[in-house]
Amino acid sequence: MNTSTDDCSPGRAGYRRSAGSPRGEARRRDLLDRVTDDLAVNGLVDFSLRRAARAAGTTHKVLLYHFEGVDDLLKQAVLKLRDRRTVNAMAAATAGPAGRTLADRVRAMWPMLSGDDPGLRLLDQAIGLAMYDSGRYGWLGREASKLYLPSLVSLCPADWSDQRKFEVAEMVLGVLRGFLVEWRTSRDAAGIAAGFEALIRALEREEAAGE
C-alpha cells in the first residue's frame, strides 16, 4: 500500500493556494467530492495526485491550487468518508425509542460500520496504512479516534460519570475496530458474530450494574 506525490509534494510545487472565495470553495468541494468517490471505489493502492486529477477531471496543478498536496487531499477525502460513516452509524444508533439501551444502540450501528460499501472498505484499509507508515500516516488512526469517540460517549446513559462513559466508549471503539480489521482480513463472519454477541452481553451487564 502506498501513495505517490508524482513529484508534486507540498513545498516543491509552490502553487498559489485557493483564496477561499465562495466560488473557490464551491470548486474545492466539487473536486473533493470527485476525488473522494474515486478513493472509495478504487482504494488507497496507487493513490496519487495524478490519479486524483484524472478522477476530478482536471490537472494536478488545479488540485494544488485548492489543496496543499497529495497528503492533504488524501486526508480531506478520508475525513469526508469518515463523516459519512459516522452520520449513518449515529442515525441508526439514535433512531427508535429514546429508552433503548447502549447495547441496542451499538447493535443498531454495527451494520453501518461493517458493510461492504467501497467507502467502508477504504476506511478500514486506512488502518493498515497508519500501521505501515505511522510517521506519515499515523493521523489516519488518531483522527479516527477523535471522530468516533465523542459519538460513542454520547450514546452512553446520561447518568453515568464522564469517566465511566469514556472508559466504556474506549472499549467499544477498540473492540469494534478489531472486528473490522478481522472482517477485512479473514472474513470470519461466524467468529466475529460470536465476539460481537459477547460485547453486547458485556454492555448489558455494564448498564445493569448502574453507578
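Here is a short chat between a learner and a teacher about reading a predicted model.

Q: Let's start with salt bridges. Why can two side chains pair up at all?
A: The general idea is that side chains of opposite charge can pair when their charged atoms come close. In this predicted model, the count comes to 9 salt bridges.

Q: Okay, what does Asp 30 pair with, and how far apart are the closest N and O atoms?
A: Asp 30 forms a salt bridge with Arg 27, and their closest N and O atoms are 3.5 Å apart. Both residues sit in helix H1, which covers residues 22-42. They are 3 residues apart there, so about one helical turn separates them.

Q: Are those two buried, exposed or partly exposed?
A: Asp 30 counts as partly exposed, at 27% relative accessibility. Arg 27 is partly exposed too, with a relative accessible area of 34%.

Q: Which residues meet in a salt bridge with Arg 51 and with Arg 184?
A: Take Arg 51 to begin with: its side chain meets that of Asp 38 in a salt bridge, at 2.9 Å from N to O. Asp 38 lies in helix H1 and Arg 51 in helix H2 (residues 49-56), so the pair ties together parts that are 13 residues apart in sequence. As for Arg 184, its side chain meets that of Asp 124 at 2.7 Å, N to O. This pair links distant parts of the chain, with Asp 124 in helix H6 (residues 118-132) and Arg 184 in helix H9 (residues 162-186), 60 residues apart.

Q: How do I tell whether Asp 38, Arg 51 and Asp 124 are buried or exposed?
A: Check the relative accessible area, because buried means under 20%. Asp 38 comes out at 14%, so it counts as buried. Arg 51 is at 11%, which also makes it buried. Asp 124 is buried as well, at 8% relative accessibility.

Q: Which residues do shared salt-bridge partners join into one network?
A: Arg 27, Asp 30 and Arg 34 are joined that way.

Q: Now the nonpolar core. Which members of the largest one touch the most other members?
A: A core like this is a set of buried nonpolar residues joined through their side-chain atoms. Here the largest core has 57 residues, and Leu 73, Val 106 and Leu 176 touch the most other members. Helix H4 (residues 70-94) supplies the largest share of this core, 9 residues.

Q: What is Leu 73 in contact with?
A: Leave aside its neighbours within four places in sequence, and Leu 73 is in contact with Leu 32, Val 35, Phe 47, Leu 49, Ala 52, Leu 63 and Phe 67.

Q: Can we look at one serine? Where does Ser 151 lie, and what does it touch?
A: Ser 151 lies in helix H8, residues 139-155. With a relative accessible area of 15%, Ser 151 is buried. Not counting residues up to four places away in sequence, Ser 151 touches Thr 86 and Met 90. Its C-alpha atom is separated by 23 Å from that of Ile 192, 41 residues apart along the chain.

Q: Last one: which residues have a positive phi?
A: The general idea is that most residues other than glycine have a negative phi. Asp 46 is not a glycine, yet it has a positive phi of about 65 degrees. Asp 46 lies in the loop between H1 and strand S2 (47-48). Arg 187 also has a positive phi, near 60 degrees. Arg 187 lies in the loop between H9 and helix H10 (189-208), and at 39% relative accessibility it counts as partly exposed.

Definitions and conventions. Residues numbered from 1 in each chain as written. Predicted model: local features only at pLDDT ≥ 70, side-chain atom pairs only at ≥ 80, totals over all residues. Heavy atoms only, no water. Helix = DSSP H or I, 4+ residues; strand = E, 2+ residues; numbered from the N terminus. Buried < 20%, exposed > 50% of the residue type's maximum accessible area, 1.4 Å probe, protein only. Contact = heavy atoms within 4.5 Å. Salt bridge = Lys/Arg side-chain N within 4 Å of Asp/Glu carboxyl O. Core = buried A, V, L, I, M, F, W, Y, C linked by side-chain atoms within 4.5 Å.
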